[in-house]
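Reader: I've got a new model open and I'd like to find my way around. Can you take me through a few spots?

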Amino acid sequence: MEIYLPTLNQSIRPGKILCIGKNYARHAAEMHSAVPEQPMVFLKPSTALVANGGRIEIPPASFEVHHEVELVAAIGRTGKNIDVSEALNYIDGYAVGLDMTARDIQQRAKEKGHPWSVAKGFDTFAPIGAFVAASEIPNPQNLSISLTINGEVRQEGHTGDMVFPVAQLISFCSTIFTLEPGDLLYTGTPEGVGAVAIGDKLVARLGEVPELHVEVH
Ligand code: MG
């Protein structure tokens, strides 16, 4: 799937999807985890993306797929070892996304010290809304974020509560990976994660960015 980058005015297939775990203190607490001392990074494949209006498929391997609503930044410029003070200039746009997680598979992986790739990487596990230009969002730490299921609010938070703000996440990730146009950064979820069921209609919201509507299939 290609992502339309509004600032570059170009559609690109993301090369990588970077995700941050435990980036809101109350979500870390509900997972019985401590807040990490530096950003906790994992990856999803770009085959997990699904656009607004699409469907989340529950894989046969999982009996407990959770929603995690997240602010997503799309990278617009190539960069490595980016300074925190420059980091927001590398963002093309912002969207709301869902970091779908097979919580049962993740729990077993955690117990064994195994990676999270399977729990996080199934097809359709990275729903993503349309991006708005970064110039329209001068401060990504000042946005309300929420998720409703069948009209009922399940997650409600504020991006100001991130443990590591977006600029710091980009700077940190760029010390590991060369960031390239089209790369996506899922920045972690506030508290209130829970299981979805077949037929559920999910609506994710982030400030004034376009809503993300997906249905569980
Ligand atoms: Mg997440």
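Reader: Leaving aside neighbours within four places in sequence, which residues is Ser146 in contact with?
Author: This is a predicted model, where local features need pLDDT of at least 70, side-chain atom pairs count only at pLDDT 80 or more, and totals for chains, interfaces and linings use all residues. Residues are numbered from 1 along each chain as its sequence is written, and side-chain values use heavy atoms, with hydrogens and water left out. Contact here means heavy atoms within 4.5 Å. With neighbours within four places in sequence set aside, the partners of Ser146 are Val69, Gln155, Glu156, Val203, Ala204 and Arg205.

Reader: Is Ser146 buried or exposed?
Author: Ser146 sits in strand β13 (residues 144-149); strands (E, at least two residues) and helices (H or I, at least four) are DSSP runs, numbered from the N terminus. Buried means under 20% relative accessible area, exposed over 50%, and partly exposed in between (1.4 Å probe, protein chains only). Ser146 has a relative accessible area of 14%, so Ser146 is buried.

Reader: Which residues are the protein donors of the magnesium ion?
Author: Donors are N, O and S atoms within 2.8 Å of the metal (3.2 Å for Na, K and Ca), and water is not among the atoms, so sites may look incomplete. Along the chain the donors follow the spacing E-x1-E-x28-D. They lie 2.0 to 2.1 Å from the ion, and they are Glu68 (OE), Glu70 (OE) and Asp99 (OD).

Reader: How many residues apart are Glu70 and Asp99?
Author: Both Glu70 and Asp99 are buried. Glu70 belongs to strand β8 (residues 69-75), while Asp99 is in the loop between β9 (91-98) and β10 (101-102). This pair links distant parts of the chain, 29 residues apart.

Reader: Which strands are the edge strands of the open sheet with the order β10-β7-β16?
Author: Two strands pair if DSSP finds at least two bridges between them. This sheet of three strands has antiparallel pairing, and β7 (residues 65-67) pairs with β10 over two bridges, with Val65 opposite Ala102 in β10. The strands that pair on one side only are β10 and β16 (194-195).
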